[in-house]
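Subject: Structure handover

Hello,

Here is the structure I promised to pass on. Please open it first, then read my notes below.

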Amino acid sequence: MTRRIFAVFRAAIIAPLFLSIWTWFLPRWFAGERAFENPRPAGWIVVVVGAAILIACVWEFAWRGLGTPAPFDPPRELVVTGLYRYVRNPMYVGLVVTVVGEAIVFPNLTRALLIEAAAFWVIASLFVMTFEEPVLKSTFAGAYDEYRKRVRRWIPRVRPWYPPPHLE
C-alpha cells in the first residue's frame, strides 16, 4: 500500500508539470500575454473530457503500475486496466483531446494549438514506436505481446479487452 501511495504522490507532481508544458507554457509562448483572452465556454466540455482521460490514465499508472507517465519513472507493472483495455495509448489521446478543447476555448490560440496537437501526435507516434514499445516488449515480454495483439495503438476498441488473470 505504501508503494502505491508513493507512486500516486510522484505521479501527482510529474503529470501536472508535463501537462502544463503543452497547455500553458507553449500556448503563452506562441501567442504572448493575450493567449488566454476571450474564452468561448463551449470548448471547456472537450477540455474536461480530455482531462478526465488524462487523470484516469495517470491514476492507473500510479495505482496499478506503481509508476508515473515519465520515462525516467515508468510503471513497474504492465497496465492493461481502465482505459488501457480500449487503446494502448489513451494518455496521449487524452492530451490531444485536451489541447484541441483548449483550441476551441481560446480563439487567440486556435491555429497554434491545432498545429501543436498535430506536432504532438507526430512526436508521440515516433516516441511510442521507437522507444516505448521496444522497452515494453523487453520489460514485459509475452504479456506485452499478448496485449499488443488484442489492443490497437491509437484506435480504441468498441468493447474493452479483458486480459487473462495473470496480466491484471
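What follows is a short tour of what was found.

One caution first: this is a predicted model.

**Helix 1 and helix 3**

Start with helix 1, which covers residues 2-31. Its partner in this section is helix 3, residues 90-105. Two packed helices are described by the angle between their axes and the distance between the axes. Here the axes of helix 1 and helix 3 come within 11 Å. They cross at roughly 25°. Angles under 35 degrees count as roughly parallel, so helix 1 is roughly parallel to helix 3. The crossing of the two helices is right-handed.

**A nonpolar patch**

Next, look at the surface. Phe6, Phe9, Ile13 and Leu17 form a nonpolar patch there. Together these four residues have about 430 Å² of accessible area. Ile13 sits in helix 1. Its relative accessibility is 43%, so Ile13 counts as partly exposed.

**Salt bridges**

How many salt bridges does the structure hold? The count is 7. Three of them are described here, starting with Asp73 and Arg10.

Asp73 forms a salt bridge with Arg10. The closest N and O atoms are 2.6 Å apart. This pair links distant parts of the chain. Asp73 is in the loop between helix 2 (44-63) and helix 3, while Arg10 is in helix 1. The two residues are 63 residues apart. Are these partners buried or exposed? Asp73 has 8% relative accessibility, so it counts as buried. Arg10 is at 15%, and therefore counts as buried too. The pair also belongs to a network: salt bridges link Arg10, Asp73 and Arg76.

Now turn to Glu133 and Arg88. They form a salt bridge as well, with the closest N and O atoms 2.8 Å apart. Again, the pair links distant parts of the chain. Glu133 is in helix 4, residues 110-150. Arg88 is in the loop between helix 2 and helix 3. The separation along the chain is 45 residues. Both Glu133 and Arg88 are buried.

The side chains of Asp145 and Lys137 meet in another salt bridge. The N to O distance is 3.8 Å. Asp145 has 19% relative accessibility. Buried means under 20%, so Asp145 counts as buried. Lys137, at 43%, counts as partly exposed.

**Two positive phi values**

Most residues other than glycine have a negative phi. Which residues here have a positive phi without being glycine? Asn38 and Ala141 are two to check.

Phi of Asn38 is near 55°. Asn38 lies in the loop between helix 1 and helix 2. It has 53% relative accessibility, so it counts as exposed.

Ala141 has a positive phi of about 40°. Its place is in helix 4. With a relative accessible area of 41%, Ala141 is partly exposed.

**Three C-alpha distances**

Some pairs are worth finding in the viewer.

Begin with Val47, in helix 2. Val47 is buried, with a relative accessible area of 13%. How far apart are the C-alpha atoms of Val47 and Thr98? They are separated by 4.5 Å. Along the chain, the two residues are 51 residues apart.

Then take Met91, in helix 3. Met91 is buried, with a relative accessible area of 14%. Its C-alpha atom and that of Ile104 are separated by 20 Å. Along the chain, Met91 and Ile104 are 13 residues apart.

Last comes Val79, in the loop between helix 2 and helix 3. At 6% relative accessibility, Val79 counts as buried. The C-alpha atoms of Val79 and Pro165 are separated by 13 Å. These two residues are 86 residues apart along the chain.

**Where to begin**

If time is short, start with Asp73 and Arg10, a salt bridge that links distant parts of the chain. Then go to the patch of Phe6, Phe9, Ile13 and Leu17 on the surface. Finish with Ala141 in helix 4 and its positive phi.

Best wishes

Note on methods: Residues are numbered from 1 along each chain as its sequence is written. This is a predicted model: local features need pLDDT of at least 70, side-chain atom pairs count only at pLDDT 80 or more; totals for chains, interfaces and linings use all residues. Side-chain values use heavy atoms; hydrogens and water are left out. Patches are made of residues with over 30% relative accessible area and no salt bridge: like charges are joined within 9 Å, nonpolar side chains (Val, Leu, Ile, Met, Phe, Trp, Tyr) within 5 Å. Accessible areas come from the Shrake-Rupley method with a 1.4 Å probe; for residues, only the protein chains shown count as cover. Helices (H or I, at least four residues) and strands (E, at least two) are DSSP runs, numbered from the N terminus. Buried means under 20% relative accessible area, exposed over 50%, partly exposed in between (1.4 Å probe, protein chains only). Axes are lines fitted to C-alpha atoms, for helices over the stretch in contact, and angles run from 0 to 180 degrees between N-to-C directions. Angles under 35 degrees count as roughly parallel, over 145 as roughly antiparallel, 65 to 115 as roughly perpendicular and the rest as oblique. A crossing is left-handed if the near helix is turned anticlockwise from the far one by less than a right angle, and right-handed if clockwise.
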